[in-house]
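Here are some exercises to work through with the model open next to you. Try each task before reading its solution.

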Amino acid sequence: MKTWLCRSLLQRVFDAVCAKRGHVQGIASCDKSIMLMLVITGQGAHMYANLFRDALAMIVDSGSAPPVETGILGDLAMDSNPLQLSFRDVYQAIVKRLDKDETCLFLYLLLLKNREFKIYVLSRTDPESLMVPLLRIVYEAVERKTSYSLLYILLTILLILSQDDVYNENSQKVAISPPAWFTERIIRSVTLGGLAVLVLVRAVQANMSRHKDVYFHTTSLAILANMSSTIVGMPGVVAQRLINLYESVAKKYQRLAKRMADAGEEESPTLASDAATDTHSHHGDHEHHDTGDLDAEMSICSDVLALLLEIINSVLTHTLKSNPQLLYTLLHRRDMFTQFRMHGRFGELVENIDTVIGHFHARLVEADLKTPSSDDILRLIDTTAKRWTPARLKVFADVKFQYEEETEYQRFFVPYVWSLIYQHSLIFWSPNRAQLLCEIDPDFPVADFTVPL
């Protein structure tokens with residue numbers, strides 16, 4: 001009986017989501033139905049069963065599933081037969097409403113919980129229909145035009161999609177017209193994968209300089225790492241932005257290392273006198289706190305730098321011959337890598353990059369080109385790359401990241417969903433009496449979920 005109720009409610013919700021009605025009525029019904037879906041599937045934690053989530057995971061595509069029995073036999077078999085929906089209709093309904101927080105949450109939930117729907121999305125031949133709107137929202141988030149919580153969901157969706165190598169390969173092959181919303185620089189042509197790299201690199205740069213949110217840049221770099229082994233035909237602007245990001249992080253790392261060295265030299269080798277005043281004691285506590293913050297920042301910067309070196313290594317290992325623009329940029333900025341040749345953590349990663357730079361630079365010297373143009377150098381790179389053998393490089397394990405939902409997902413999910421309901425339901429609730437949100441997390445500020453970056 002419970003299974004039947006879950007199926008029936010989900011069927012009605014999806015009917016409303018996919019219904020083709022009048023503009024105003026259809027939009028209102030779709031939004032409210034999605035929020036209802038989020039409320040009923042977002043409850044519970046790892047120790048509680050959620051039958052609605054289970055039913056959501058069992059939905060299959062009506063376009064590929066065998067027909068369901070109708071009549072009495074169909075009613076009797078309803079508990080055992082999975083709910084059948086048109087994934088095509090669901091997908092199209094989602095793509096049309098991606099500018100809404102609730103729709104992005106809905107897409108996240110389907111990709112995470114329903115394997116059949118995830119396979120359907122990954123196997124579509126038009127990845128740009130979903131990726132371009134997602135990238136646009138991420139791009140605009142850097143300009144403080146969307147909520148911070150939505151950005152988390154968007155990056156998680158992109159991470160889930162990037163876990164599939166075939167999907168990544170397809171995105172590299174799809175040539176798209178430069179979108180009008182990408183106003184930072186004029187680009188004449190770009191692939192879908194190239195656009196993703198541009199947007200994610202820009203997001204990491206903004207986060208490193210302003211917000212310093214670890215999840216933000218770690219997830220963005222994880223997406224780039226998942227894509228790295230399939231990147232081909234990287235345009236010059238994309239290669240420049242990627243190496244620019246590496247350069248800015250490397251310089252920050254060197255500044256932090258110098259500050260830590262200076263702080264170490266300034267520390268007194270003798271113990272403080274027992275007669276030290278309280279003022280001196282408080283001053284020492286403050287310095288210790290500053291040192292702790294510096295250590296944390298240094299650790300984060302080190303992780304980001306290592307990830308960027310692994311991403312560059314992955315491209316060179318798997319698709320060097322298909323990325324002459326990246327080789328051109330590396331040759332142009334080769335001095336940025338020499339500083340880490342003897343570094344304990346980065347040395348091995350830099351060694352591969354040094355090997356590539358040294359090989360192509362030697363061919364460039366041998367050619368003895370007189371005042372060569374960029375086209376001359378690219379032609380030489382292309383010719384040299386044809387004779388390149390990957391055996392010259394050290395083999396590292398592929399850098400791959402998988403998304404796993406937190407066991408206490410409701411601590412983020414439930415307050416976020418109810419904050420959307422609070423905003424859009426046209427029903428007044430006093431925020432001071434939001435007992436449900438307080439029970440989930442007494443210190444949770446509802447306003448933070450809708451405040452722009």
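**Exercise 1. Take stock of the chain.**
Work out how many helices and strands the chain has, and what share of its residues is buried.

*Solution.* Start with the secondary structure: this predicted model comes to 20 helices and 4 strands. Next, go for burial: of the 453 residues in the chain, 47% are buried. Finally, check how the contacts are spread along the sequence. Take the contacts with a separation of 6 or more; 78% of them join residues 24 or more positions apart.

**Exercise 2. Decide where to trust the coordinates.**
Find the average pLDDT of the chain, and the residues over which pLDDT stays under 50.

*Solution.* The chain average is 81, and 79% of the residues score at least 70. Now look for the weak spots. Residues 270–282 stay under a pLDDT of 50, and the model gives them 0 contacts beyond four places in sequence. Residues 285–289 are also below 50, again with 0 contacts beyond near neighbours in sequence.

**Exercise 3. Find the middle of the core.**
Identify the residues with the most contacts inside the largest nonpolar core, and the helix that gives the most to this core.

*Solution.* The largest nonpolar core holds 133 residues, and Leu161 and Phe337 have the most contacts inside it. Helix 14, residues 278–319, is the top contributor with 13 residues. For a closer look, pick Phe337 and skip anything up to four places away in sequence: what's left is Tyr246, Leu309, Ile312, Leu330, Val350, Ile353, Asp354 and Ile357. As background, nonpolar side chains tend to be buried together in soluble globular proteins.

**Exercise 4. Classify three helix pairs.**
For each of these pairs, say whether the helices are roughly parallel, roughly antiparallel, roughly perpendicular or oblique: helix 8 with helix 9, helix 6 with helix 19, and helix 5 with helix 7.

*Solution.* Two numbers describe a packed pair: the angle between the axes and the distance between them.

- Helix 8 (residues 128–142) and helix 9 (residues 148–162) have axes that come within 10 Å and cross at roughly 140 degrees. The antiparallel label needs an angle over 145, so helix 8 is oblique to helix 9. The crossing of helix 8 and helix 9 is left-handed. On the helix 8 side, the contact includes Leu130, Met131, Leu134 and Leu135; helix 9 brings Leu150, Leu151, Leu154, Ile157, Leu158 and Leu161.
- Helix 6 (residues 101–113) and helix 19 (residues 410–424) pack at about 150 degrees with their axes 10 Å apart. Therefore helix 6 is roughly antiparallel to helix 19. Helix 6 also passes helix 19 in a left-handed crossing. Asp101, Glu102, Leu105, Tyr108 and Leu109 of helix 6 meet Phe413, Tyr416, Val417, Leu420 and His424 of helix 19.
- Helix 5 (residues 87–96) and helix 7 (residues 115–123) pack at about 70 degrees, with their axes 11 Å apart. So helix 5 is roughly perpendicular to helix 7. Phe87, Arg88, Val90, Tyr91 and Ile94 of helix 5 meet Glu116, Phe117, Tyr120 and Val121 of helix 7.

**Exercise 5. Compare two loop residues.**
Locate Tyr409 and Ser322, then decide whether each is buried, partly exposed or exposed.

*Solution.* Tyr409 sits in the loop between helix 18 (374–386) and helix 19. Its relative accessible area is 11%, so Tyr409 counts as buried. Tyr409 and Gln43 are 366 residues apart in sequence, but their C-alpha atoms are 9.2 Å apart.

Ser322 is in the loop between helix 14 and helix 15 (324–332). With a relative accessible area of 33%, Ser322 is partly exposed. Ile231 is 91 residues away from Ser322 along the chain, with 8.2 Å between their C-alpha atoms. Leaving out residues up to four places away in sequence, Ser322 touches Val232, Gly233 and Met234.

**Exercise 6. Check two backbone angles.**
Work out what phi is for Asp368 and for Thr371, and say how accessible each residue is.

*Solution.* Recall that most residues other than glycine have a negative phi. Asp368 has a positive phi, near 50 degrees, and Thr371 has a positive phi of about 40 degrees. Asp368 is in the loop between helix 17 (347–367) and helix 18, and Thr371 lies in the loop between helix 17 and helix 18. On accessibility, Asp368 is partly exposed at 48%, whereas Thr371 is exposed at 76%.

Note on methods
Residues are numbered from 1 along each chain as its sequence is written. This is a predicted model: local features need pLDDT of at least 70, side-chain atom pairs count only at pLDDT 80 or more; totals for chains, interfaces and linings use all residues. Side-chain values use heavy atoms; hydrogens and water are left out. pLDDT is the predictor's confidence in each residue, from 0 to 100. Contact means heavy atoms within 4.5 Å. A nonpolar core is a set of buried Ala, Val, Leu, Ile, Met, Phe, Trp, Tyr and Cys residues joined through side-chain atoms within 4.5 Å. Buried means under 20% relative accessible area, exposed over 50%, partly exposed in between (1.4 Å probe, protein chains only). Axes are lines fitted to C-alpha atoms, for helices over the stretch in contact, and angles run from 0 to 180 degrees between N-to-C directions. Angles under 35 degrees count as roughly parallel, over 145 as roughly antiparallel, 65 to 115 as roughly perpendicular and the rest as oblique. A crossing is left-handed if the near helix is turned anticlockwise from the far one by less than a right angle, and right-handed if clockwise.
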